[in-house]
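Biologist: Please take a close look at chain C for me, and then show me how it fits with the rest. I work at the bench, so plain words are welcome.

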Amino acid sequence: MRTKKVTFRHRWLPYLLVAPQIAITLVFFIWPASQALYQSVLRQDAFGLKTEFVGLANFAKLFNDPLYLESFVTTVVYSAMVAGLSMGVALVLAVMADRVVRQATTYRTLLIWPYAVAPAVAGVLWWFLFNPTIGIAAYALDAVGYDWNHYQDGGDAMTLIVIAAAWRQVSYNFLFFLAGLQAIPRSLTEAAAIDGAGPVKRFWTIQLPLLSPTAFFLVVVNVVYAFFETFGIVHATTSGGPGNDTVILVYKVWRDAFEGLNLGSSAAQSVVLMVIVIALTAIQFRYLENRVEY
Amino acid sequence: MVERRPLLLVVQHAVLILGAAVFVFPIYLAFVASTHTAREVNSGLPLLPGDQMWTNYATVLGDGLSTAGAPPIGLMLMNSTIMALAITLGKLAISLLSSFAIVYFRFPFRVLAFWTIFITLMLPVEVRILPTYEVVAQLGMLNSYAGLSIPLIASATATFLFRQFFMTVPDELTEAARIDGAGPLKFFRDILVPLSRTNIAALFVILFIYGWNQYLWPLLVTTDESYYTVVMGIQRMANAGEETPQWHLIMSTAILALLPPVVVILAMQRLFVRGLVEVEK
Amino acid sequence: MSDIRLSEVRKVYPGAAEATIPGLSLDIGAGELCVLVGPSGCGKSTLLRMVAGLEEVTGGEITIDGRRVNDLEPARRDISMVFQNYALYPHMSVFKNMAYGLKNRGMPTAEIAEKVAVAADMLGLTEFLDRKPRQLSGGQRQRVAMGRAIVRDPAAFLFDEPLSNLDAKLRVKTRVEIRDLQQRLGTTSIYVTHDQQEAMTLADRLVVMNAGRIEQIGPPMEVYAQPASLFVAGFIGSPPMNMLSPGAGAALAEAAGLHHAAGRAIVGVRPEALHPEPGGPLAVSVRVVERLGATANVHGLLDDGETEVIASLAGTELPGPGDTLRLGVDPAELHLFSRTDGQRLT
């Protein structure tokens, strides 16, 4: 790893400088993570008096637990929908904003700020909108003959958290798509126009292919977001219900630890999540290395 | 764009305006609800702001929702501010220091230090909930501002951003400073930090939003209501057991909870956009 | 006024197979402006940076004003340096840029203000003191870099290609200013450049370097008139000296009466020493004529069909492409170099 060609020399200063960051990392990141790894291979009795080494038994149990597998599927479906919806909407808006050069900043201002709204607050806002008795969206759906009730209907509940999660994330995706579009040299579009390609054709043959690295990167970011950062949406609105229909993995690991008090299982779930983050981060960094050059 | 097509232009603006409207709508409605009485909100669907704004906001700020057992929102807002600022400033400070060490010194264990910091990227709170809670509990940091902020201030992202920026600072500046008699700390304070101020400002926006919007962490480490933050506290109101939720007050709280980060992002939009795109590079 | 002595100074970069500077000695007298010139990679910048303390000295000794400085921090060597890209602190005003080094030395504020004011006045920077470097033109920035160097009143100035970021016109103007300033202050200076013209015009003494070694030391005109080696002959002077192989140069040597050298030594002749001479010893078929105003460079080939020759001719009656030109030369203007080691033959 590179340093500067020109460096300072000092016996202990550099250690002092990295000490705070390293200390916090060790105490609050590395140590707990290794604890999770350690506990994931132990089983504790109901009274917390005795622990024994059980190898991969916790993992085996986990992957034989229909509730866990169901939660896995829920999370995957949920993440795919959040990523798809937020990226799709963001791409359409970004393409439009890129074409209206002069007002792009104005629109950006209007579209950017939901990113600042906490996922939990976003959840509450949409929850209110879709409230079966007083929500305006539920009212509108009722008017077209759909009986919306996310307290009863798992599909409705899932739709609600997907919308709330995607709404907030569109801002982020929009910024990256817009930056990606604006990084495409004007001369390329002009050359294509001279070659007789209209705006729609140009989008499919020039802009979209050149955006694909950005899009790939955003897929990873959005999946990470949906997996790990939307706990607040679920917790503040559906609480995993109705039934277990909106129990995403992060929600489950929290519930099992703090309400179920199932240490071994919770630790095993943490380890599985860790593996997922590491895989996603690795993919993301591979992408960063292979960034395209215009 | 390359050609003029009036119809296309109209479509573009229509799509954008529609998009913007969809984005604003939930907040607008929340604001409308926050200006009416409970009865008005629960009976009909008012679409225009009412006249209860001051009453509602004064109620939540001063008293909170006594029925839900939540403390006044004023206190929660203060807690949120303290937590967000502590996280933001803490992250900035330790990241500046550690990237300075990693870029400007050669020392044994330098690469190890870098990877240790890097690993935090792969270990969000969400994947180590219980053991982290246990560490904080053992250190006696539950229900404290330190517990709310310190465990979150390690930052690989900020360290990477500063490292990347430091690598672009010309070596001659360091040499000129050495000839001018500046040692490492003087160089850091007089030259490197002032040169990083744009990056610091951009990160400030991102980190402030990150800090303010924390949800799971305050949920874990606070049981004492006087340490509740507004973002996690709002859930207490919404899930107020058997009673009908007091939507007009919940929405007032929601507006108050989202206002500070939204103001920050809009006020520093340019820096934020630059910072965000930089961070991910 | 201080002298700088380098004795047997060596530089080997860690991990490098060969020494960048295998061992070099040089004495620079007090008040002298000594120019190190050579192609890129010849070690001139490394040498300067070792004097500055920015590069470690592998072996040998450097003294400034009689004091051994090998292990001193740059700030304690009592030198100041002007960098190629100026290295101005972008967030500080011109005043602060110039004052920073004084401040770090704990000089009282009032004294700093006075020193900066004097330096700024000398350089015509007074009205820019509150500006940031980015609000200045290239030439002004260069002067701020100079100001930062002189304000400390150091034992020596070190210049590392300080003019190469300026355009050609400004370079010539600034060159004169630097020379004037250095003479007025009388500060010992080492100046590094790859531009032989800059080197010639500025130097009290010229040090021509090649591959970490000194090829020749001397006053500029002496180096020009008596180049010690083929390398120096080719490097100093523009357009470069014509080098004729022993075969091609034989006629010239014979005509000059240097019978012993004819056919054995490499013959060098500066373009400006050639002049048209009916029946002269060199027959050149002209290919390109570059008109420079007062003079013109005539490029052509000797009758062996491969040796290229440039003649710098005055006057308006110039040959055209395709013409054959007979050229002659004053015997005193011939330089003879050994065919084996390239050293000058007397």
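Modeller: Happily; I will start with chain C on its own, then turn to the contacts between chains, and end with chain A.

A word on conventions: residues are numbered from 1 along each chain as its sequence is written, while chains are lettered from A and ligands numbered from 1 in the order in which they are written. This is a predicted model, in which local features need pLDDT of at least 70 and side-chain atom pairs count only at pLDDT 80 or more, whereas totals for chains, interfaces and linings use all residues.

The mean pLDDT (the predictor's confidence in each residue, from 0 to 100) of chain C is 91, and 100% of its residues reach 70 or more. For the complex, the predictor gives an ipTM of 0.88 and a pTM of 0.86.

Chain C has 19 strands and nine helices, both taken as DSSP runs numbered from the N terminus (helices are H or I with at least four residues, strands E with at least two). Its C-alpha trace spans about 75 × 45 × 35 Å along the principal axes. Of its 346 residues, 41% count as buried. Here buried means 20 or more other C-beta atoms within 10 Å of a residue's own, exposed means 12 or fewer, and partly exposed lies in between, with C-beta atoms placed from the backbone. Two residues are in contact if their C-beta atoms, placed the same way, lie within 7 Å. Among contacts in chain C between residues at least 6 apart in sequence, 64% join residues at least 24 apart.

Ile190(C) gives a good local view. Leaving aside neighbours within four places in sequence, Ile190(C) is in contact with Ile4(C), Ile28(C), Cys34(C), Leu36(C), Leu48(C), Val51(C), Ala156(C) and Leu158(C). Along with Val121(A), Ile234(B), Ala254(B) and Val35(C), Ile190(C) touches the most other members of the largest nonpolar core, which has 276 residues. Such a core is a set of buried Ala, Val, Leu, Ile, Met, Phe, Trp, Tyr and Cys residues joined through C-beta atoms within 7 Å.

Now to the partners. The contact between chains C and B takes 16 residues from chain C and 14 from chain B. On the chain C side, β6 (79-82) and α2 (94-104) each give two or more residues, with α2(C) giving the most, three. That side has ten nonpolar, five polar and one charged residues; Ala, Val, Leu, Ile, Met, Phe, Trp, Tyr, Cys and Pro count as nonpolar, Asp, Glu, Lys and Arg as charged, and the others, Gly among them, as polar.

No contact joins chain C and chain A, whose closest C-alpha atoms lie 8 Å apart. Of the two pairs of chains in contact, chains A and B share the most contacts. Their contact takes 83 residues from chain B and 79 from chain A, and helix α1 (residues 6-33) of chain B gives the most to the chain B side, with 13 residues. That side divides into 63 nonpolar, 14 polar and six charged residues.

Lastly, a glance at chain A. In its helix α4 (residues 104-112), Tyr107(A), Leu111(A) and Ile112(A) are buried. They lie on the same side of α4(A) because they cover an arc of only 125° around the axis, the arc being that of the directions from the helix axis to the C-beta atoms.
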